[in-house]
Amino acid sequence: MLDRIPSQAPFTTPVLRNAPPLLTVRDLSLYYGEKQALNEIGFELYPNEILAFIGPSGCGKSTALKCLNRMHDGTRDVRITGSIHMDDIDIYDQRVDPPIHRRRFGWVAQKPNPFPASVYENVAYGARIHGLIRTGADMDAHVEVCLRRAHLWDEVKDGLHSREGTALSGGQQQRLCIARALAYQPEILLMDEPTGSIDPIATARVEELMLDLRADHSIVVVTHSMMEARRVADRVAFFHLGELLEIGPTEQVFTTPRHPRTRSFIEGKFG
Ligand SMILES: Nc1ncnc2c1ncn2[C@@H]1O[C@H](COP(=O)(O)OP(=O)(O)OP(=O)(O)O)[C@@H](O)[C@H]1O
């Protein structure tokens, strides 16, 4: 169990919004066996925003991210309390079909993980298994749209069938994984340190892509890079020891954090 005083509401700086949240998380706690990894966290995710989870190692950022698409479902000894509402229904309600729920999310991992197959197949796979595309010509067009959307088309168009996804550079592989996620048309992209294992130039391209994708997706990104959070995020959520201590517009949190621990973390006093 976490050794600290009971949680209280996070410092929340509200932002004016013209649309209701896509996701509303309330009093969410998660236990791995006896160990509590999240302690009554709460936040909203709005359409067309990039929300960054920041905080020291082991504070629960990835655990929180995985709750949103029910990725913990298959993990033994995980217990979740609280609620995550999407379309006015709790995503853990018995009426929710987990595969259908999961399809509303694209997942991008820290280490690019393309399939050992052609660039084309990497993208076509998602659309095919979800039955989105019926004919080959439609699939060709769909693969092109996804690769263009992921800012990768010009670099791979001459070797769609002949090049393996795994033969691309690290940065290209990460954009291919994003194209693969886009192929089944998710509403929300969940990114767990998407630039954590690629070089600075590749990082800049992925960050540029995230800002572009925000036009038609919401993105929740876990990052260890304060500079990255500041460059891409509309809002940041600061986690500490399983609690969400502060959430607000990026510039406000970085320039005038309201929780003293947020300030210490941003000033590099721990992490
Ligand atoms: N499958 C698991 N079983 C048991 N404990 C786990 C499991 N996954 C994570 N934890 C623990 O839960 C806590 C939160 O981990 P989590 O990976 O969510 O943190 P994080 O903030 O994303 O860390 P990092 O920044 O290092 O990736 C940590 O103490 C971690 O050791």
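Ala-52 stands opposite Val-236 in strand β10, in a model that is predicted. Ala-52 belongs to a strand, β4, whose residues are 50–54. Here is a quick tour of that strand, the ligand's surroundings and one exposed helix residue.

**Strand β4 and its partners**
- β4 runs parallel to β10 (residues 235–240), and four bridges join the two strands.
- β4 also pairs with strand β9 (residues 218–222), again in the parallel sense and over four bridges.
- On the β9 side, Leu-51 has Val-220 as its bridge partner.

**Buried or exposed: where do the residues of β4 fall?**
- Five of the five residues of β4 are buried, so the strand is largely enclosed by the rest of the structure.
- Ile-50, Ala-52 and Ile-54 point one way, while Leu-51 and Phe-53 point the other way.
- In a regular strand, side chains alternate between the two faces of the sheet.

**Around the ligand**
- The residues surrounding the ligand include Tyr-32, Lys-35, Ala-37, Gly-55 and Thr-75, along with Ser-57, Gly-58, Cys-59, Gly-60, Lys-61, Ser-62 and Thr-63.
- Two elements, β3 (35–45) and α1 (61–68), each give two or more residues to this shell.
- α1 gives the most, with three residues.
- By class, the shell holds seven polar, three nonpolar and two charged residues.

**Thr-255**
- You will find Thr-255 in helix α9, which covers residues 250–255.
- Thr-255 counts as exposed because it has 10 other C-beta atoms within 10 Å, and the cut-off for exposed is 12 or fewer.
- Thr-255 and Met-86 are 169 residues apart in sequence, and their C-alpha atoms are 32 Å apart in space.

Conventions: Residues numbered from 1 in each chain as written. Predicted model: local features only at pLDDT ≥ 70, side-chain atom pairs only at ≥ 80, totals over all residues. Near = placed C-beta within 6 Å. Nonpolar A, V, L, I, M, F, W, Y, C, P; charged D, E, K, R; others polar. Buried ≥ 20, exposed ≤ 12 C-beta atoms within 10 Å, placed from the backbone. Pairing = 2+ DSSP bridges.
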